[in-house]
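Reader: I have a structure open and would like to go through how two of its helices pack. Can we start there?

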Amino acid sequence: MLRLEARPEPSRAMVMLTPIIAVVATMIAGGILFAFLGNNPFTAIRIIFWDPLFNDMVASYTRPQLLVKAAPLILMAIGLSFGFRANVWNIGAEGQFIMGAVIGGGTALALYPLESPLVFPLIIIMGGLGGFLWAMIPAILKIRFNANEILVSLMLVYVAAQFLAAMVTGPMKSPVGMGFPVSRNFNEYQSAFNAELLSNTGLHFGVLVMMAVVVLGYIFLTRHIFGFQIRVSGQSARASKFAGVNPHTTVALCLGISGALAGLAGLFEVTGPAGKLSTNFPLGYGFTAIIVAFLGRLHPVGILLAGLLMALTYIGGELAQFQMSIPAAAIQVFQGMLLFFLLGVDILVNFRLRWDTKSKEAH
Amino acid sequence: MDLSSISPVTLIVSLMAASTPILLAALGELVVEKSGVLNLGVEGMMIIGAVCGFIAAVTTGSPWLGFLFGAICGAAVSMIFAVLTQYLMANQVASGLGLTMFGLGLAALLGHSYTGINPPSFSQIHIPVLSDLPVVGRIVFGHDPMIYFSLALTFGIWYFLTRTRGGLVLRAVGESHDAAHALGYKVIRIRMLAIAFGGACAGLGGAYLSLVRVPQWAEGMTAGAGWIALAIVVFASWKPGRAIIGAYLFGGVTVLQLNLQAAGLAISPAYLSMTPYLATIIVLVIMASDKKRQSLNAPASLGKTFFAST
C-alpha cells in the first residue's frame, strides 16, 4: 500500500521540483478544463504559454506586457512572503494596492498642473505611505487588541474599494471626464506619468523598483537578522521569543513592509499602465500576488520567476480570450488550480511516498 | 432625505432575509472550526453554492432543488480543501484562500450565460390569520421557509454540539487531535465530515443569496459575505446561538445602510457601503480584546495539522 514516510530533513530537490510539477499538473488539468469548454486543449495551452513570447504575430505587443504585468505581482508577493514566513497573514494586499494608488495618485491630481521633477518622487513616497498606513490598521489592531489580521486586512479591501469609488465620483473626478467616474488621465500630466523608460520593452520605473526589491529582499531574507527573525517566528513562536524576537515588531514590520510595497505597486500601476483612477482599477493583483508568493516558495528569486509565469498566464489568458473566446474567468480558475496543485505536491518536500511496509524489514 | 420612507417592520423583515445567507455559512464554519479546522474558503464555497443553486433552480424550475444542489456543490468544492489539508497536510490558511480564489473563478465561468435571468420565485409562507396580524404577523409568521430552516439549524447544531455523543467527539477532535486519536477516534474522517457539512451550509447560504435575497446571478455577488461569516464565528465565540445575534447585527447594518442610500442621505453611497465591513472590524476588535473569553471557547487545535505518526 502507498503510505507517507516523514523525511528526516526537508528535501532540497523537492523544494525546487514541486513548483515545476505543479505547473505541469495545472497545464494538464487546465487542458481538460479547456476541452470541457469546447476548445482544443493543445491550442489553448500553446496560446497561453508559448504565443505571448515566441509568436511573431503578437509577441511585439505581448513581450513588453510581461514586465508590466509581472512588476506589481512580484513587488507585492515579496512583501507578502516575509509575513507568510512569520505566520503574519496579510490577505489585504489588494486594499493596500488601491490605497497606494488613491493616495499617491490623489497627491498628483492635487498638484496638477504643477510641472516639477520633484512631483514623481513625492507621489512615489505618498503611494508607499498610503499602502503602509492601510496595512498598519490590521497591524495595530493585531498588536493592541489581538484582532485577527486575516479578517481585518481582508475587510479593508472592500473598504478601500468603496473609498476609491467615493473618490472617483467625488473629489478626484476628472473635470474633463464628461461625468464618468474616472480621474484625470496621468499621461496628460508629464511630471507624474510613469512612462516607459525604453520604448517597447514595458520597462517602467516600477519595474526597476521591483528588481531592486528582489535583490534587497534576498539580502534581507538570507543575510540580515530580520530574515532570521521572521523565519524563527514562523517555525516556532516560543523559540523566537527565546531568540529575543519581539512578536509585535514582527507583526508591524511584516504588515508594514508588505503594505508599503503594495502601495508602491498601486502607484506605479495607476500612473503608468492603468493611466487613471476608476472603479475598474482594482484587478485582483493583490490576490494573485498571494499565489505568486507561494509558487515562488516565499523566496525572492522564486517569486521573480513565479511572477513572470503568472504574468504570462494573464497575457496568454487575454490572447486566449481574444482568439478562442475562452472566458476571462477560466484563467482565474487556472490560477486557482495552480495554487491547489502546488499546495498538494508540497507534501513531497517533507514526506516521501513508500510502497507497502515490507521495505522496513529489508534494511 | 426622507427617513419616514423607512418602515421599521419592513426593515426587520428584510434584515432577516439579509442575514440568513451569512448565518447559514457561519453555522457551517462554526462546526468546521469546532473540529479544529480553519477553512478560509467560505467565500468560495458560498459563490459556488450561489451559481450552482441558481442554475439548478432555473433549469428545473424548482427553488427547492436549487437549494439542494447549491448545498451539494458547496460540499463538493469543500472536498478539495479537505483532501489538501487532511490527507496532503497542506497549510490550512493557504488552502482556504486557494479555495476562495478558485471558487470565485469557477463560479464566474459556470454562471457566464446565466446573468440577467430571473430565478423561479420562492415565496413567503402564508398562515391564515397569523400572517395577517399587524407588525407581529410579518415579523414572526411572514418569512420564507429557509429563514425558519436557518433558525432550526442553529438549534440543531447547538443540540448536536452540546447534547450528543457525536458532538462531544467532534469537540474532542477540535480540542486535542492527538488525545482523540489515542482514544481511537478517526480524526481525519470526522474532520472530513465536518468540512463537508461546512461546505453544504455555505453552499446553501450562497443559493439563498442568488435565489431569494438578490434574486439574480451576478459575478462576485457574495461580495465578502463569506468573510463576514468567518468573522461572525469569532464574534459568536464558537456558540451557535450567538451566531444568530452576530448575523442579524450585520444584516441590520447592511439593510439600514441600503435604506439610507435609498432615502437619499446626503453623503456618497460608497461611504454607506463601507459600513458592514467597518462594523465587522469593530466587532472583531471588541471580541478579540476580551482574551479570557476567546481562549476559553476557541478550539485548542484550530488550524493545526494532524499527522498520525503511529
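**Two helices and a core**

Author: In H4(A), Val58(A), Thr62(A), Gln65(A), Leu66(A), Lys69(A), Ala70(A), Leu73(A), Ile74(A), Ala77(A), Ile78(A) and Ser81(A) meet Pro300(A), Ile303(A), Leu304(A), Gly307(A), Leu308(A), Met310(A), Ala311(A), Leu312(A), Tyr314(A), Ile315(A) and Leu319(A) of H13(A). Contact means C-beta atoms, placed from the backbone, within 7 Å; helices are DSSP runs of H or I, at least four residues, numbered from the N terminus. This is a predicted model, where local features need pLDDT of at least 70 and side-chain atom pairs count only at pLDDT 80 or more, while totals for chains, interfaces and linings use all residues. Residues are numbered from 1 along each chain as its sequence is written, with chains lettered from A and ligands numbered from 1 in the order in which they are written.

Reader: How many nonpolar, polar and charged residues does the contact of H4(A) with H13(A) have?

Author: There are 17 nonpolar, 4 polar and 1 charged. Nonpolar covers Ala, Val, Leu, Ile, Met, Phe, Trp, Tyr, Cys and Pro, charged covers Asp, Glu, Lys and Arg, and the others, Gly among them, are polar.

Reader: Other topic. What does Val292(A) contact, leaving aside its neighbours within four places in sequence?

Author: Val292(A) is in contact with Leu73(A), Ile74(A), Ala77(A), Ile303(A), Ala306(A), Gly307(A) and Met310(A).

Reader: And between the chains, how many residues does the contact take from each?

Author: Chain A gives 36 residues and chain B gives 39 residues. On the side of chain A that touches chain B, helices H6 (119–145), H7 (149–169), H12 (285–295) and H14 (328–345) of chain A each supply at least two residues. The residues of that side divide into 26 nonpolar, 9 polar and 1 charged.

Reader: Back to H4(A) and H13(A): what is the handedness of the crossing?

Author: Right-handed, meaning the near helix is turned clockwise from the far one by less than a right angle; anticlockwise would be left-handed.
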